[in-house]
Amino acid sequence: MRFTSEQRHDDGVIERDFTLGEIPGILWAPASASAPAPLILVGHPGGLHKMHHRLAARARHYATEYGFAAAAIELPGSGDRPRSAAAEQARADLRRAMEAGEPVDEIVDAFIVPLVEKAVPEWRTTLDALLSLPGIGGPVGYEGMTAIGIRLALVEPRISAAVFFGGGFVPGTLFEAARQVTIPLQFLLQWDDEGMERQPVLDLFDAFGTKEKTLHANLGGHAGVPWFEVDDAARFFARHLS
């Protein structure tokens with residue numbers, strides 16, 4: 001892991017850009033802490049710089065109010081990373097099918113499954129590097145894209161709790177895998193999400209195998225998640241990671 005920049009914010013949070021091989025990312029951490037900080041892996045739908053403002057707001061809240069470190073990495077094929085022709089075609093096909101009101105299941109599989117297969121090993125490699133840093137000691141939580149989170153929760157025993165955003169497509173194979181997820185889970189649903197039908201998301205929540213899961217449903221569209229959900233997520237992580 002190579003740090004390429006460092007910024008110390010007035011709220012006592014250190015923000016550092018890093019690269020790990022071909023993986024770019026950002027780490028936020030309290031400037032001073034009496035013990036190694038628990039770590040939150042902050043997932044997103046791609047475009048690390050485009051998402052920076054929202055990611056930084058969450059991460060800095062976690063650091064200042066709860067003493068957590070947080071990290072985000074760029075997804076394969078997003079941001080400044082090399083594009084995949086197959087992924088770009090699948091993305092375009094998905095957009096066209098949604099606009100036309102056509103079935104999207106096969107397109108979702110073609111787009112999401114390869115993304116998960118590439119992104120999860122990169123998250124695990126990043127986690128290895130982050131936990132080797134002074135001042136970060138775990139335990140570890142994950143929040144963000146549900147499809148990646150399901151696979152990560154199954155293969156990565158260091159993740160103790162997760163917050164999933166229900167506004168993303170989940171292939172059928174991962175829907176079945178959700179039954180094996182047993183870590184504590186908080187699940188966010190925007191009730192009027194313009195890109196997702198409500199019932200499949202509710203069915204997915206029902207499918208998760210964990211005995212400790214909570215559904216947070218809020219009125220509004222895909223991008224309308226209320227700010228108070230950030231602190232609710234932080235308190236959820238505090239219960240399970242502190």
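I looked first at Arg-16 and found that its charged end sits over the ring of Phe-3, 4.2 Å from the ring centre. I applied the rule that a charge sits over a ring if NZ of Lys or CZ of Arg is within 6 Å of the ring centre and within 35 degrees of the ring normal. I noted Lys-213 as well, whose charged end sits over the ring of Phe-205 at 5.2 Å from its centre.

I recorded that the model is predicted, that local features need pLDDT of at least 70, that side-chain atom pairs count only at pLDDT 80 or more, and that totals for chains, interfaces and linings use all residues. Residues are numbered from 1 along each chain as its sequence is written, and side-chain values use heavy atoms, with hydrogens and water left out.

I then turned to aromatic pairs: rings of Phe, Tyr and Trp (its six-membered ring) pair if their centres lie within 6.5 Å, with planes under 30 degrees apart counted as stacked, over 60 as edge-to-face and the rest as tilted. By this rule I have ten aromatic pairs. The ring centres of Tyr-62 and Phe-237 are 6.4 Å apart and their planes stand at 80 degrees, so I entered the pair as edge-to-face. I found both Tyr-62 and Phe-237 buried (under 20% relative accessible area; exposed is over 50%, partly exposed in between, with a 1.4 Å probe and protein chains only).

I next examined Tyr-142 and Phe-164, an edge-to-face pair with 6.2 Å centre to centre and 65 degrees between the planes. Tyr-142 is buried at a relative accessible area of 2%, and Phe-164 is buried at 0%. I finally listed one aromatic cluster, formed by Trp-123, Tyr-142, Phe-164, Phe-187, Phe-205 and Phe-208.
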